[in-house]
Amino acid sequence: MTIISWIILGLLAGAIAKFLLPGRDPGGLIGTTLIGVAGAFIGGWISARWLDHPVTKDFYDGTTWVAAIGGSLVLLIAYRLLFGHSRN
């Protein structure tokens with residue numbers, strides 16, 4: 001997949017992660033989508049590096065989507081833990 005495909009996948013994965021973890025985020029919509037893009041890259045890297053399941057070049061591969069959404073969820077949780085109380 002190209003970089004643009006990963007960005008699109010990350011935007012969608014960020015939206016899905018936001019749907020799975022509803023609530024008020026410190027970064028709003030832009031922060032959540034950036035977390036989704038970063039999560040897609042990190043999830044794909046972790047999947048290929050440590051889980052011994054390289055990400056395929058197919059945009060519609062289920063493993064690619066699970067890795068991207070999982071990475072987005074992890075980053076979104078970490079972001080909420082680190083910066084969640086800054087808006088109080």
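**Exercise 1. Find what the buried residues of helix H1 pack against**.

Solution. The buried residues of H1 (buried meaning under 20% relative accessible area with a 1.4 Å probe, protein chains only, whereas exposed means over 50%) pack against helix H2 (28–49) and helix H3 (62–83). This is a predicted model, in which local features need pLDDT of at least 70 and side-chain atom pairs count only at pLDDT 80 or more, while totals for chains, interfaces and linings use all residues. Residues are numbered from 1 along each chain as its sequence is written, and side-chain values use heavy atoms, with hydrogens and water left out.

**Exercise 2. Work out which residues of H1 are buried, and why they line one face of the helix**.

Solution. Begin with the list, in which Trp6, Leu9, Gly10, Ala13, Gly14 and Ala17 of H1 are buried. Seen down the axis of H1, these buried residues fall within an arc of 145 degrees, so they line one face of the helix; the arc is that of the directions from the helix axis to the C-beta atoms. Then turn to the face away from the buried side, which carries the exposed residues Ile4 and Phe19.

**Exercise 3. Place H1 in the protein chain as a whole**.

Solution. The protein chain has three helices and zero strands, where helices (H or I, at least four residues) and strands (E, at least two) are DSSP runs numbered from the N terminus. Along the sequence the pattern reads α-α-α. Finally, of the 88 residues in the protein chain, 32% are buried.

Note on methods: Contact = heavy atoms within 4.5 Å.
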